There are 2 protein chains.
Amino acid sequence: MSSAPPRIHSTLKCDVAIVGAGMSGLSAARLLFEAGKSVVILEARDRVGGRTLSKALSNGFVVDMGGQWVGPTQQRVVGLIRQLGLQTFKTYQTGASLALIDGAALRYDGILPNLDETSGLDLAQAIEKLEALAASIPLDAPWAHPDAAELDRMTYAEWIDANANTQGARWALKFMAPSVFSVDASELSFLHVVFYFGSCGGVDVLTATEGGGQDSRFVDGMQGLATGLAAALPGGCVLLEEVVDRIVQDQAGVSVRATSIEVHARHVIVALPPTLAGRLRYDPPMPPLRDSLTQRMPMGTAIKMMFRYPTPFWRADELSGMAMTDKEVPQLVYDNSPADGSCGVLLGFTEGIPARSWMQRSPDERRAAGVETLVQLFGAKAAEPLEYVEHSWVSEEFSRGCYAGTMPPGAWCSFGPALRANVGRIHWAGTETATVWNGYVEGAMQAGERAATDVLSALDHRPTP
Amino acid sequence: MSSAPPRIHSTLKCDVAIVGAGMSGLSAARLLFEAGKSVVILEARDRVGGRTLSKALSNGFVVDMGGQWVGPTQQRVVGLIRQLGLQTFKTYQTGASLALIDGAALRYDGILPNLDETSGLDLAQAIEKLEALAASIPLDAPWAHPDAAELDRMTYAEWIDANANTQGARWALKFMAPSVFSVDASELSFLHVVFYFGSCGGVDVLTATEGGGQDSRFVDGMQGLATGLAAALPGGCVLLEEVVDRIVQDQAGVSVRATSIEVHARHVIVALPPTLAGRLRYDPPMPPLRDSLTQRMPMGTAIKMMFRYPTPFWRADELSGMAMTDKEVPQLVYDNSPADGSCGVLLGFTEGIPARSWMQRSPDERRAAGVETLVQLFGAKAAEPLEYVEHSWVSEEFSRGCYAGTMPPGAWCSFGPALRANVGRIHWAGTETATVWNGYVEGAMQAGERAATDVLSALDHRPTP
């Protein structure tokens with residue numbers, strides 16, 4: 001039987017250790033490096049980029065298996081694109097969308113299928129309430145909202161049932177939970193939902209393509225943001241395949257133990273989702289509030305599937321490629337073809353409850369179920385994709401789900417204050433700690449920069465011994 | 001700065017490694033040892049007993065800072081008491097209970113305060129529904145109940161609001177959530193609540209003193225069960241202060257790495273709460289369903305407080321010492337004096353949401369708040385306790401909460417099947433995996449014995465290579 005490899009420790013010294021080379025850890029590192037601090041990033045994977053991962057299909061076209069879109073209000077990402085000289089292009093959205101209901105594909109325009117007039121008005125008034133609430137949440141302290149306890153005691157599903165009266169509106173509102181959070185509406189604190197919408201600038205901005213969260217895509221893949229950031233750091237400061245398992249702090253500093261190295265630093269930034277940060281061992285142990293928080297921010301479940309065709313044939317039928325379905329595989333479809341339309345790619349998502357059973361089946365089964373749905377949507381031409389690729393983040397040991405950690409009822413009000421508060425020399429980054437575009441790359445960058453700023457202030461006030 | 005101690009590994013070989021020397025791990029070990037198997041138990045703490053912990057007060061009287069009661073339907077605990085020759089005595093319950101509401105202490109008989117007739121009937125019909133549902137849950141597969149999805153989508157608070165119409169009944173039903181689960185009613189899947197009640201034999205059995213879950217106490221402390229079990233195992237097989245961090249399995253066996261030792265075994269039983277089991281590193285990594293489960297079973301929060309007086313003076317006023325309060329510290333009070341009444345001890349619990357803010361304050365503050373409440377209940381004699389002791393399990397690195405892991409909405413139906421299913425050579429014990437008295441010592445024992453039985457079957461079918 002294979003035994004654990006011997007642990008031969010070398011040690012390194014630096015000002016700040018960073019755990020995780022996702023966009024949050026890298027953004028923190030950049031800011032610290034620019035401020036003249038020495039930094040070591042310990043990354044468990046053999047690559048940078050966290051929940052962004054770009055891969056070439058067999059025809060050479062690069063697709064994103066993780067985060068892939070950028071919108072104009074995501075100012076940090078937009079700025080970094082410019083600095084790195086990355087190329088983006090508008091998400092294709094010409095033509096009608098489709099809703100597959102009971103086997104029939106109905107054309108519609110906009111984000112959500114046309115509902116009958118009563119349902120449509122019902123949905124509009126519910127979204128108006130959501131927008132107003134989202135705008136009222138103090139993004140740095142959702143628990144301080146005057147109605148926080150009541151909003152946090154309620155699930156999103158419970159709120160929907162109390163605030164939308166038609167089946168159509170309820171369906172549309174519940175559909176947003178897996179699409180946005182990759183969990184079911186019944187699993188989410190309603191306070192978390194309105195906080196999240198608020199952090200993104202509202203429901204409309206979050207769900208929109210043009211001008212919203214899905215505005216543009218990356219020609220060479222979104223992971224280019226991370227590889228670009230890493231390349232600009234001093235050589236040797238990003239250490240791959242270093243799995244951190246223990247952080248020890250005392251008056252003098254902090255020691256971060258990884259697979260083959262121990263880093264001694266003045267501060268550490270843990271740029272991991274809270275559920276993964278909770279798996280490290282800390283000495284002294286985490287205070288109860290912080291530990292309890294990490295027990296209560298599970299990651300969602302999503303399977304991302306791509307089907308490549310010789311051409312984006314649906315465009316000839318004046319279809320945008322966007323579709324919502326009442327099927328499990330996929331529930332949501334987008335046109336994910338290259339900018340020049342030189343091949344056709346349909347992107348499908350299976351998220352939340354259905355993803356949990358479908359992740360236990362084989363890629364062949366998922367491919368077959370996906371193709372069946374695409375044929376119902378786009379006709380016989382969808383029957384024979386040239387290539388099928390998929391990714392399930394919950395299978396990744398160092399992500400354990402996506403798109404982000406979510407809050408069940410009660411977590412924000414009791415444990416929210418522990419989400420960002422440093423514990424001595426340990427600072428928390430990761431998109432889950434962001435106050436803008438929480439759950440997105442933009443949030444990851446904001447969180448990393450905030451953590452780095454906190455560390456710089458702490459270093460200002462504690463001169464090197 | 002102190003650095004991590006060097007890891008000097010010695011290795012041990014045995015048939016079965018067990019992680020955790022709580023009542024579940026020890027019960028598994030006993031059964032395996034009796035079947036002729038060699039066993040090594042790795043325990044992170046410097047003691048056995050897990051969430052049982054008995055301590056002498058300064059007058060020598062032993063109290064339990066963790067689990068402390070046993071009831072007649074807890075057959076494994078009752079049997080072990082007999083085998084070990086431990087002494088128990090009936091919980092004191094002569095006289096009236098008190099309900100402290102708006103500063104007034106009202107006498108009542110039974111478990112719950114007298115409600116007006118309408119509220120009383122309302123409560124009775126709600127509890128009847130709970131009992132019927134609890135009796136209908138398949139305890140080994142709650143997700144297989146015909147209404148499982150619906151029950152799991154709902155919080156316990158949501159069910160209460162839909163099924164009790166009076167403020168009195170709602171208050172009493174919601175009060176049970178912190179008392180039983182040490183979380184708020186709004187945080188619990190309703191399916192989990194009825195499963196839990198069902199596993200204990202119903203609401204009445206769980207909440208009752210005489211004949212129920214609080215029937216009797218241990219003269220020398222409940223931890224005697226664990227020290228007794230450990231003492232009956234072969235010398236040297238329980239290794240203390242060995243923190244397991246990694247489990248590697250392959251075709252040939254399993255290797256369990258702890259602080260200073262690596263154990264090579266044919267199987268391993270992980271007898272930890274799921275949230276702590278999720279913090280170990282596994283090679284190969286846990287399958288998605290199992291990992292997702294461990295992200296979704298947070299421990300509750302409870303602070304257990306004891307106030308010692310020269311005598312159990314409340315007994316002279318024909319008071320049982322039992323009280324429910326609308327205060328935060330404590331919410332629930334029991335007479336916890338020794339069998340002979342040679343001193344008086346009042347036991348107070350602060351659980352759920354109030355415990356989360358009160359755990360951040362000082363012992364002196366908790367003591368003062370507790371005394372203030374006890375004076376309102378029992379008069380001026382309660383003002384000057386001779387001794388105050390307290391315990392908060394959420395502060396313990398190797399428990400991280402109590403009484404047990406709980407399920408938020410949705411967890412049972414999506415992830416329940418991964419709760420007990422072994423992953424290759426890794427088997428799961430711990431009271432959270434029990435089908436009887438889940439969350440109790442009885443459940444811990446049942447779970448340990450079930451895991452041991454599973455391992456024995458596996459060993460039967462795979463002869464030593």
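**Exercise 1. The hairpin.** In this predicted model, determine which residue takes a positive phi in the hairpin of S8(A) and S9(A), and describe how the two strands are joined.

*Solution.* Begin with the turn: two residues lie between the strands of this hairpin, and Asp102(A) takes a positive phi near 50 degrees. Next, consider the strands themselves, for S8 (residues 96–101) and S9 (residues 104–108) of chain A run antiparallel and are joined by five bridges. Finally, look at the pairing of Ile101(A), whose bridge partner in S9(A) is Ala104(A).

**Exercise 2. The two chains.** Work out what relation superposes chain A on chain B, and find which C-alpha of chain A is nearest the axis.

*Solution.* The superposition of chain A on chain B takes a rotation of 180 degrees with 0.0 Å of shift along its axis, and the RMSD is 0.0 Å. This is therefore the relation of a two-fold axis. In chain A, the C-alpha of Arg279(A) is the nearest to that axis, at 2.2 Å from it. As for the contacts, 100% of the contact residues of chain A recur in chain B, and the same surface thus serves both copies.

**Exercise 3. Confidence.** Establish which stretch of chain A has a pLDDT below 50, and how that stretch should be read.

*Solution.* Start from the whole chain: chain A averages a pLDDT of 95, with 97% of the residues scoring at least 70. Over residues 1–6 of chain A, however, the pLDDT is below 50, although this stretch has 14 contacts in the model beyond near neighbours in sequence. Where pLDDT is low, the predicted coordinates should not be read in detail. For the complex, the predictor gives an ipTM of 0.95 and a pTM of 0.96.

Definitions and conventions:
Residues are numbered from 1 along each chain as its sequence is written. Chains are lettered from A and ligands numbered from 1 in the order in which they are written. This is a predicted model: local features need pLDDT of at least 70, side-chain atom pairs count only at pLDDT 80 or more; totals for chains, interfaces and linings use all residues. Copies are superposed by least squares on the C-alpha atoms of residues with pLDDT of at least 70 in both. Two residues are in contact if their C-beta atoms, placed from the backbone, lie within 7 Å. Two strands pair if DSSP finds at least two bridges between them. Helices (H or I, at least four residues) and strands (E, at least two) are DSSP runs, numbered from the N terminus. pLDDT is the predictor's confidence in each residue, from 0 to 100.
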